[in-house]
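Thanks for coming. I have one short structure to go through today. Please have a look at it before I start.

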Amino acid sequence: MNNVTYKPVKKGIHVVAFRTALKKEKSSNPKKIEQGKCKLVKTVIAEKTFDEWKAAYAWGNQFL
């Protein structure tokens with residue numbers, strides 16, 4: 001699943017597009033190796049800073 005965050009900074013609006021996925025970790029117990037926990041992993045796709053909100057939303061929408 002792709003997500004986009006918008007954060008106001010001094011130079012404009014910083015936009016970060018990232019992908020979230022669940023990754024299953026293996027259990028440390030050898031008898032229950034298949035019963036590991038799931039971990040949320042975020043991978044940054046792209047990030048950019050804009051001067052206007054309209055341009056920031058237009059650029060961010062292409063990742064949704």
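I will go through the sheet, then the helix, the core, and a few single residues. Please keep in mind that this is a predicted model.

Start with the sheet. Three strands form an open sheet in the order 1-2-3, and the pairing is antiparallel. Strand 1, residues 2-9, and strand 3 are the edge strands, each pairing on one side only. On average, neighbouring strands of this sheet are turned by 25° against each other, direction ignored.

Now the two pairings in turn. Strand 1 and strand 2 form a hairpin, with 2 residues between them. Their pairing is antiparallel and runs over 8 bridges. To fix the register, valine 4 has alanine 17 in strand 2 as its bridge partner, and lysine 7 stands opposite histidine 14, also in strand 2. On the other pairing, strand 2 is joined to strand 3 by 12 bridges, again antiparallel. Histidine 14 turns up here as well: its bridge partner in strand 3 is threonine 49. As a general point, strands of a sheet pair through backbone hydrogen bonds, either parallel or antiparallel.

Next, the helix. Helix 1 lies across strand 1, strand 2 and strand 3, and runs at about 160° to strand 1. Which residues of helix 1 are buried? They are Ala56, Trp59 and Gly60. Seen down the axis of helix 1, the buried residues fall within an arc of 95°, so they line one face of the helix. The cover over these buried residues includes strand 1, strand 2 and strand 3. On the other side of helix 1, Lys54 and Ala58 are exposed.

That brings me to the core. The largest nonpolar core has 9 residues: Val4, Ile13, Val15, Ala17, Ala46, Phe50, Ala56, Trp59 and Phe63. Two or more residues each come from strand 2 (12-24), strand 3 (38-50) and helix 1 (53-61). Strand 2 gives the largest share, 3 residues. In general terms, nonpolar side chains tend to be buried together in soluble globular proteins.

Two members of this core deserve a closer look. Valine 15 lies in strand 2. Is valine 15 buried or exposed? Its relative accessibility is 0%, and because the cut-off for buried is under 20%, valine 15 counts as buried. Apart from neighbours within four places in sequence, valine 15 is in contact with Val4, Thr5, Tyr6, Ala46, Glu47, Lys48, Phe50, Ala56, Trp59 and Gly60. One of those contacts, tryptophan 59, is 44 residues from valine 15 along the chain, and their C-alpha atoms are separated by 8.5 Å.

The other is valine 4. Not counting residues up to four places away in sequence, valine 4 touches Val15, Val16, Ala17, Gly60, Phe63 and Leu64. Among these, alanine 17 is also the bridge partner I named earlier.

Further along strand 2 there is threonine 20. Threonine 20 is buried, with a relative accessible area of 14%. Outside four places in sequence, threonine 20 is in contact with Met1, Asn3, Leu40, Val41 and Lys42.

Lysine 24 is also in strand 2. With 52% relative accessibility, lysine 24 counts as exposed. What does lysine 24 contact, leaving aside neighbours within four places in sequence? The contacts are Glu34, Gly36, Lys37 and Cys38. Lysine 24 and lysine 7 are 17 residues apart along the chain, and 30 Å separates their C-alpha atoms.

Last, charge pairs. How many salt bridges are there? The count comes to 1. The side chains of glutamate 25 and lysine 39 meet in it, at 4.0 Å from N to O. The pair links distant parts of the chain, 14 residues apart: glutamate 25 is in the loop between strand 2 and strand 3, and lysine 39 is in strand 3. Glutamate 25 is partly exposed, with a relative accessible area of 38%. Lysine 39 also counts as partly exposed, at 46% relative accessibility.

To recap, this is a predicted model with an antiparallel open sheet of 3 strands, helix 1 lying across strand 1, strand 2 and strand 3, and a largest nonpolar core of 9 residues. That is what I have.

Definitions and conventions
Residues numbered from 1 in each chain as written. Predicted model: local features only at pLDDT ≥ 70, side-chain atom pairs only at ≥ 80, totals over all residues. Heavy atoms only, no water. Core = buried A, V, L, I, M, F, W, Y, C linked by side-chain atoms within 4.5 Å. Buried < 20%, exposed > 50% of the residue type's maximum accessible area, 1.4 Å probe, protein only. Helix = DSSP H or I, 4+ residues; strand = E, 2+ residues; numbered from the N terminus. Contact = heavy atoms within 4.5 Å. Pairing = 2+ DSSP bridges. Axes fitted to C-alpha atoms, helices over the stretch in contact; angles between N-to-C directions. Arc of directions from axis to C-beta.
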